[in-house]
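Me: I have a model on screen and want the labels justified. Let us go through them one at a time.
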Amino acid sequence: MGASFSLSFTDQDGFSSSSSPSLGDLPESCVASIIGYLDPPQICKLAKLNRAFRAASWADFVWESKLPPNYETLVGEVLSFVPEKLGKRDIYTRLCRVNTFDGGTKKIWLDKSTGGVCMSISSKGLQITGIDDRRYWNHIPTEESRFGSIAYLQQIWWFEVDGEVEFPFPPGTYSVFFRLQLGRAARRFGRRICSSEHVHGWDIKPVRFQLWTSDGQYATSQCTVSDPGEWFHYHVGDFNVENSNSSTRIKISMTQIDCTHTKGGLCLDSVVIYPSKFRERLKQRGYLKCAKPM
């Protein structure tokens, strides 16, 4: 699509005259209708073209189509203060920021490109067997977590982690992951190093993952935790939301309770919930570990 076009005319005396309408001459409503088909980052880029595109990029009907259908519920759930008559673009911008709630144990945001709802639950928001006994677990500060800390397992016989969340997810299909790493990372002389000192027991039997929802959905899978030194998203399962007018309660579990051996050296960052199509993103970046259904 060109930035401008020209029309040439010849008058009775043989002289030619030209007019050069530009994109700036398009009516704002027309521009808004066009950019409504684009994704949010593209809209923001086109807003820099001229005044017409800049004004059209603030049209409420453009951004309402990008927001989740239950965005008003989401605003009330995660934003502590919202000015009256806030425009839809501003609402979208605020929901795209990482918003913390539930005592700082959960974070939620919209994906900037798709408007999909994403959630992360910190290790401190999960029920971890033995977490209060420092012989087994410790909370370690780190810059590698959204929450600024992770739970580190030195060793334990009975490994069990449970989580629960209730939230008004918009309609769609979602995937649940545990974000885990074998080995303890640190920085030395500006370089990242990872100690595998306590890593043991994970290659003997796989970890079992389970997912339940309040409307009866269930998924279970298992996977061997492997590849020390890198963070991976271990896929628990998927769930589907059809009704945006009610909250969905989700329970998640990760266990390895074979007490014939100890296991240790595991970093637990969080549980993350993404729209299911994000699995391909994780796969392309090499962050995905797909468990086998049971």
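Me: What makes S270 count as buried or exposed?

Reply: This is a predicted model, so the values are computed. S270 has a relative accessible area of 1%. Buried means under 20%. So S270 is buried.

Me: Where is S270, and which residues does S270 touch?

Reply: S270 lies in strand β17, residues 266–275. Leaving out residues up to four places away in sequence, S270 touches S120, I121, S122, S123, F147, F177, F178 and R179. A contact here means heavy atoms within 4.5 Å.

Me: Why is the link between S270 and D269 called a polar contact?

Reply: The side chains of S270 and D269 are joined at 3.1 Å. The cut-off is 3.5 Å for a pair of N or O atoms. Residues adjacent in sequence count only if both atoms are side-chain atoms. The contact joins side chains, so it qualifies as a polar contact.

Me: How many disulfides are there?

Reply: The count comes to zero. A disulfide needs two cysteine sulfur atoms within 2.5 Å.

Me: How do you know that C44 is not in a disulfide, and what is its closest cysteine sulfur?

Reply: The closest cysteine sulfur to that of C44 belongs to C96, at 9.2 Å. The limit is 2.5 Å. That is too far for a bond. C44 is also partly exposed, because its relative accessible area of 31% falls between 20% and 50%.

Me: What about C267, and is C267 buried or exposed?

Reply: The sulfur of C267 has its closest cysteine sulfur in C194, 6.8 Å away. Again, that is too far for a bond. C267 has 1% relative accessibility, so C267 counts as buried.

Me: How many aromatic pairs are there?

Reply: The count comes to 14 aromatic pairs. One of them is F169 with F239.

Me: Why is the pair of F169 and F239 called edge-to-face?

Reply: The ring centres are 5.7 Å apart. The limit for a pair is 6.5 Å, so the two rings qualify. The planes stand at 75 degrees. Over 60 degrees counts as edge-to-face, so that is the name.

Me: What makes F169 and F239 a link between distant parts of the chain?

Reply: F169 is in the loop between β9 (159–167) and β10 (172–182), and F239 is in strand β15. The two are 70 residues apart. F169 counts as buried at 0% relative accessibility. F239 counts as buried at 1%.

Me: Why is the pair of F178 and F209 called tilted?

Reply: The centres of F178 and F209 are 5.9 Å apart, with 35 degrees between the planes. Stacked needs under 30 degrees and edge-to-face over 60. The angle of 35 degrees meets neither limit, so the pair is tilted. F178 lies in strand β10 and F209 in strand β13 (residues 207–213), so the pair ties together parts 31 residues apart in sequence. F178 counts as buried at 0% relative accessibility, and F209 does at 0% too.

Me: Which residues form one aromatic cluster?

Reply: F101, F167, F169, Y174 and F239 form it.

Me: How do you know that the charge of R179 sits over the ring of W231?

Reply: The charged end of R179 is 4.4 Å from the centre of the W231 ring. The distance limit is 6 Å, and the charge must also be within 35 degrees of the ring normal. R179 is listed as sitting over the ring. R281 likewise lies over the face of F278, at 4.0 Å from the ring centre.

Me: What makes D102 and D227 stand out?

Reply: Most residues other than glycine have a negative phi. D102 is not a glycine, yet has a positive phi of about 55 degrees. D227 is not a glycine either, and has a positive phi of about 60 degrees. D102 is in the loop between β3 (99–101) and β4 (106–110). D227 is in the loop between β14 (218–223) and β15 (232–241).

Me: Why are D102 and D227 called partly exposed?

Reply: Partly exposed lies between 20% and 50% relative accessible area. D102 has 45%, so the label fits. D227 has 39%, so the label fits there too.

Notes: Residues numbered from 1 in each chain as written. Predicted model: local features only at pLDDT ≥ 70, side-chain atom pairs only at ≥ 80, totals over all residues. Heavy atoms only, no water. Buried < 20%, exposed > 50% of the residue type's maximum accessible area, 1.4 Å probe, protein only. Helix = DSSP H or I, 4+ residues; strand = E, 2+ residues; numbered from the N terminus. Phe/Tyr/Trp six-rings, centres within 6.5 Å; stacked < 30°, edge-to-face > 60°. Polar contact = N/O pair within 3.5 Å; in protein donor to acceptor, adjacent residues only side chain to side chain.
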